[in-house]
Amino acid sequence: MHHEALDLSRLQPALPSPLQQVEDERFARHGVTLLLKRDDLIHPDLPGNKWRKLAPNLRDAAGRTVLTFGGAYSNHLRATAAAGRLLGFPTVGVVRGDELAGRPLNPSLAQCAADGMRLHFVDRATYRTKTAPDVLDGLLSLFGECAVIPEGGSNAHAAQGCRALGRELCGTADTVAVACGTGGTLAGLAAGLGPEQRALGVPVLRGGFLGEAVHDLQRKAFGGRAGRWSLDERFHFGGYARTPPELHSFADDFEDRHGLPVERLYVAKLLYALNALTGEGAFAPGSTVAAVITGRPWPTDGDRDPHPYAPSDSR
């Protein structure tokens, strides 16, 4: 069956995304310049790393039905559903938690459905084995020929798409930092930066599995380790969607200082980490740090179930 190539340019993404310097005395007093890479402004429905990771996968899907995976509040499911509506291809979301099937949809899943996504709920045990051939075969027999995109959108295509983020930041900062869920953004970012730059990943969930995931994505996308990168695993605040009062008050304060809406599950943890690291003297005086703003707040961010990428669900 022949499929036409998708023309993603008609969505008019704002690329390269803006780079803004912010005056913040918590950084300035240590001689550190803070830049914000505003990937949240790329597209209203496919903001941030969702655009960079989805675009190459959607080109590869070439108009076929796209089947992908996520939890009940997945940003990735919402972005995929929005892309299907905007570009006119069918989408299927395999949602973790069969107990959700008989309930009214939460706002995030309701948005997916409004954008035309067919939602298919599976129990948590099946969800854990979602990449097993027999589980995938069962889904494809149910929904027909589909392009399958993994949970969070992180695969070799996504890492290659995120390399452009690094290239846009070449020569702008000594350290470029990003919050990490599945590792695809960091894998590509590090590969695109210049040799004198380094990428820093701040995992937003526990488990210590991310380093190997990034290595694996870089092997598949670039043939091996690419660029200089490291992880600081201290700032997950207890795990995905754990946002204690201390984190909210930091994010509220950052919003007040800089007029930036701070997404709480990823971006707040990233900015908190950079503030703490600066205070520890992790960045040399005179250096520049860029924070990648990977997304924007979603109205119901405060009320979530545990995250689909959490280690308990990936073993």
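**Figure 1. A salt bridge between lysine 37 and glutamate 168 in the predicted model.** In this predicted model, the side chains of lysine 37 and glutamate 168 form a salt bridge, and their closest N and O atoms are 2.7 Å apart. Lysine 37 belongs to strand β2, whereas glutamate 168 belongs to helix α7 (residues 156–168), so the pair ties together parts that are 131 residues apart in sequence. The lysine is buried, with a relative accessible area of 2%. Glutamate 168 is partly exposed, with a relative accessible area of 24%. A search of the whole structure finds 20 salt bridges, and further examples appear in the next two views.

**Figure 2. A salt bridge between aspartate 39 and arginine 52.** The side chains of aspartate 39 and arginine 52 meet with an N to O distance of 2.6 Å. Aspartate 39 is placed in the loop between β2 and α2 (49–61), and arginine 52 is placed in helix α2 itself, so this salt bridge ties together parts that are 13 residues apart in sequence. Are the two partners buried or exposed? Both aspartate 39 and arginine 52 are buried.

**Figure 3. A salt bridge between two loops, and a network of charged residues.** Glutamate 280 and arginine 234 meet through their side chains in a salt bridge of 3.0 Å, N to O. This pair links distant parts of the chain: glutamate 280 lies in the loop between α11 and β10, arginine 234 lies in the loop between β9 (229–231) and α10, and the two residues are 46 residues apart. Glutamate 280 is partly exposed, with a relative accessible area of 49%. Arginine 234 is also partly exposed, with a value of 47%. Elsewhere, salt bridges join Asp24, Glu25, Arg26, Asp253 and Arg257 in a network.

**Figure 4. Strand β10 and its two partner strands.** Strand β10 covers residues 288–292, and 5 of its 5 residues are buried. In a regular strand, the side chains alternate between the two faces of the sheet. Thr288, Ala290 and Val292 point one way from β10, while Val289 and Ala291 point the other way. Which strands pair with β10? Strand β2 (residues 33–37) pairs with β10 in the parallel sense over 5 bridges, and leucine 35 has alanine 290 as its bridge partner in β10. Strand β7 (residues 175–180) also pairs with β10 in the parallel sense, over 3 bridges. In that pairing, threonine 175 stands opposite valine 289 of β10.

**Figure 5. The largest nonpolar core.** In soluble globular proteins, nonpolar side chains tend to be buried together. The largest nonpolar core of this model holds 34 residues, of which Leu36, Phe254, Val262, Leu271 and Leu274 touch the most other members. At least two residues of this core come from each of β2, β7, β8 (198–203), α10 (245–258), α11 (267–279) and β10. The element that gives the most is α11, with 8 residues. Leucine 274 touches Phe27, Leu34, Ala177, Leu200, Phe283, Val289 and Ala291, when residues up to four places away in sequence are not counted. Apart from this core lies another, of 21 residues, among them Leu165, Leu189, Leu193 and Ala290.

**Figure 6. Helix α8 and its surroundings.** Helix α8 spans residues 184–192 and is mostly covered, with 8 of its 9 residues buried. The buried residues are Gly184, Thr185, Leu186, Ala187, Gly188, Leu189, Ala190 and Gly192. Which elements cover these residues? The covering parts include the helices α2, α7 and α9 (210–222), together with the strands β7, β8 and β9.

**Figure 7. Cysteines without disulfides.** How many disulfides does a search of the whole structure find? The search finds 0 disulfides. For cysteine 146, the closest cysteine sulfur is that of cysteine 112, and the distance of 16 Å is too far for a bond; a disulfide would require the two sulfur atoms to be within 2.5 Å. Cysteine 146 is buried, with a relative accessible area of 11%. Cysteine 170 is likewise in no disulfide, and the nearest cysteine sulfur, that of cysteine 162, is 15 Å away. Cysteine 170 counts as partly exposed, at 37% relative accessibility.

Conventions. Residues numbered from 1 in each chain as written. Predicted model: local features only at pLDDT ≥ 70, side-chain atom pairs only at ≥ 80, totals over all residues. Heavy atoms only, no water. Buried < 20%, exposed > 50% of the residue type's maximum accessible area, 1.4 Å probe, protein only. Helix = DSSP H or I, 4+ residues; strand = E, 2+ residues; numbered from the N terminus. Pairing = 2+ DSSP bridges. Core = buried A, V, L, I, M, F, W, Y, C linked by side-chain atoms within 4.5 Å. Contact = heavy atoms within 4.5 Å. Salt bridge = Lys/Arg side-chain N within 4 Å of Asp/Glu carboxyl O.
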